[in-house]
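The following paragraphs lead through a structure, from its annotated positions to the contact between its domains. Please keep the sequence and the model in view while reading.

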Amino acid sequence: MFRSALVRSSASAKQSLLRRSFSSGSVPERKVAILGAAGGIGQPLALLMKLNPLVSSLSLYDIANTPGVAADVGHINTRSQVVGYMGDDELAKALEGADLVIIPAGVPRKPGMTRDDLFNINAGIVKNLCSAIAKYCPHALVNMISNPVNSTVPIAAEIFKKAGMYDEKKLFGVTTLDVVRAKTFYAGKANVPVAEVNVPVIGGHAGVTILPLFSQATPQANLSGDVLTALTKRTQDGGTEVVEAKAGKGSATLSMAYAGALFADACLKGLNGVPDVVECSYVQSTITELPFFASKVRLGKNGVEEVLDLGPLSDFEKEGLEALKPELKSSIEKGVKFANQ
Ligand SMILES: NC(=O)c1ccc[n+]([C@@H]2O[C@H](COP(=O)([O-])OP(=O)(O)OC[C@H]3O[C@@H](n4cnc5c(N)ncnc54)[C@H](O)[C@@H]3O)[C@@H](O)[C@H]2O)c1
Ligand SMILES: O=C(O)C[C@H](O)C(=O)O
């Protein structure tokens with residue numbers, strides 16, 4: 001108890017030091033690039049990153065329509081300078097000097113499709129963008145949003161390995177939307193203030209590979225097994241719920257932009273040395289036998305500082321963990337094979 005009080009007080013001393021240095025005007029310069037910035041996620045994400053005071057330079061890249069998005073967002077009177085870049089010829093400039101690259105480029109699902117059905121188009125897009133990242137900003141953190149995340153992250157890792165610059169600490173699959181959904185749905189059933197809710201979500205980002213750990217949710221609530229089963233299923237099907245409601249007009253964009261902005265903010269805080277920044281993310285991992293796995297991750301100055309272990313699981317969650325492994329394994333292998341063919 002004494003030790004944890006000490007850790008807390010040294011963490012809060014560090015926090016207040018950081019706050020002081022930030023308020024004295026020494027917030028580090030940070031360039032954030034969004035690839036796919038004119039899309040359904042890209043536009044609101046550009047807006048939210050423009051509102052983030054940790055960003056000094058916001059680079060908006062897409063194959064079309066970025067001049068308009070950049071002009072629009074650029075008029076907002078916040079810290080960052082905004083520049084739009086369009087087409088392959090401008091990708092290098094978009095990436096040069098980036099500390100963080102966020103990738104929501106690629107096609108979204110329509111009703112009846114799985115995320116894996118997007119593989120044929122999005123794998124190629126991700127491969128090209130990651131080759132450019134390897135060349136023009138090899139030290140940047142990469143936040144992968146493009147689906148199927150379970151495969152696009154392994155694709156990125158393989159491309160980076162081939163380029164000789166892979167650093168597993170710097171590559172993240174963005175699974176924050178699963179956490180956002182789990183918190184919202186849990187708060188509704190547990191009747192607790194949503195702002196106070198925490199729920200880790202582990203595994204991957206598709207169907208049964210999404211495994212919320214409601215047994216670890218806080219504030220605790222005494223929910224029945226049936227309710228927990230239904231909450232788990234709703235979290236796993238959250239993306240499909242939006243795809244069906246949008247009826248052919250794409251998948252989650254606004255809630256994804258919110259989740260992407262939250263995760264990017266956590267990465268920037270980590271880079272800036274803010275202590276105890278912990279978020280769930282799909283990263284290279286050894287906590288199970290699978291080479292990539294989503295779990296709680298401590299973020300720091302170099303990206304992943306520590307992959308936290310899963311903690312105690314209920315029997316229902318243990319079953320869910322075993323059930324997700326074959327699908328996640330095959331999605332990882334599919335990505336690795338694609339990148340090496
Ligand atoms: N990780 C998650 O939780 C999560 C959540 C929602 C959506 N997604 C995924 O995010 C992706 C984007 O979704 P969206 O709704 O924004 O789609 P969208 O079609 O609205 O936008 C995609 C954008 O990517 C651009 N693009 C295509 N090829 C590109 C390239 N080579 N370089 C740069 N930009 C390129 C398009 O021009 C478009 O502006 C999809 O794959 C979707 O499945 C992931
Ligand atoms: O469901 C999708 O296709 C998009 C995204 O992965 C989501 O979870 O909303």
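Helices (H or I, at least four residues) and strands (E, at least two) are taken here as DSSP runs, numbered from the N terminus. The model under discussion is predicted. In those terms, Asn147 lies in the loop that runs between strand E5 (141–144) and helix H6 (149–163).

Asn147 is among the positions to which an unreviewed UniProt entry gives the annotation "binding site"; the record also names Arg109, Arg115 and Arg181. Asn147 counts as buried because 27 C-beta neighbours fall inside 10 Å, the cut-off for this class being 20 or more. Beyond the residues within four places in sequence, Asn147 is in contact with Gly106, Arg115, Leu118, Asn122 and Thr152.

Arg109 is found in another stretch, the loop between strand E4 (100–103) and helix H5 (119–136). Arg109 is likewise buried, since 23 other C-beta atoms are within 10 Å. Residues up to four places away in sequence not being counted, Arg109 touches Arg115, Leu118, Val243 and Ser251.

The wider setting is given by the domain assignment, which divides the chain into domain 1 (27–173) and domain 2 (176–339). Their centres, taken over C-alpha atoms, are 21 Å apart. To the contact, domain 1 gives 44 residues and domain 2 gives 41 residues. On the side of domain 1 that touches domain 2, at least two residues each come from helix H2 (42–50), E4, H5, E5, H6 and strand E6 (171–173). H6 supplies the largest share of that side, 10 residues. Sorted by class, this side of domain 1 holds 26 nonpolar, seven polar and 11 charged residues.

Conventions
Residues numbered from 1 in each chain as written. Chains lettered and ligands numbered in written order. Predicted model: local features only at pLDDT ≥ 70, side-chain atom pairs only at ≥ 80, totals over all residues. UniProt positions renumbered as here; feature names shortened; annotations may be inferred. Buried ≥ 20, exposed ≤ 12 C-beta atoms within 10 Å, placed from the backbone. Contact = placed C-beta atoms within 7 Å. Domains from an automatic or database assignment. Nonpolar A, V, L, I, M, F, W, Y, C, P; charged D, E, K, R; others polar.
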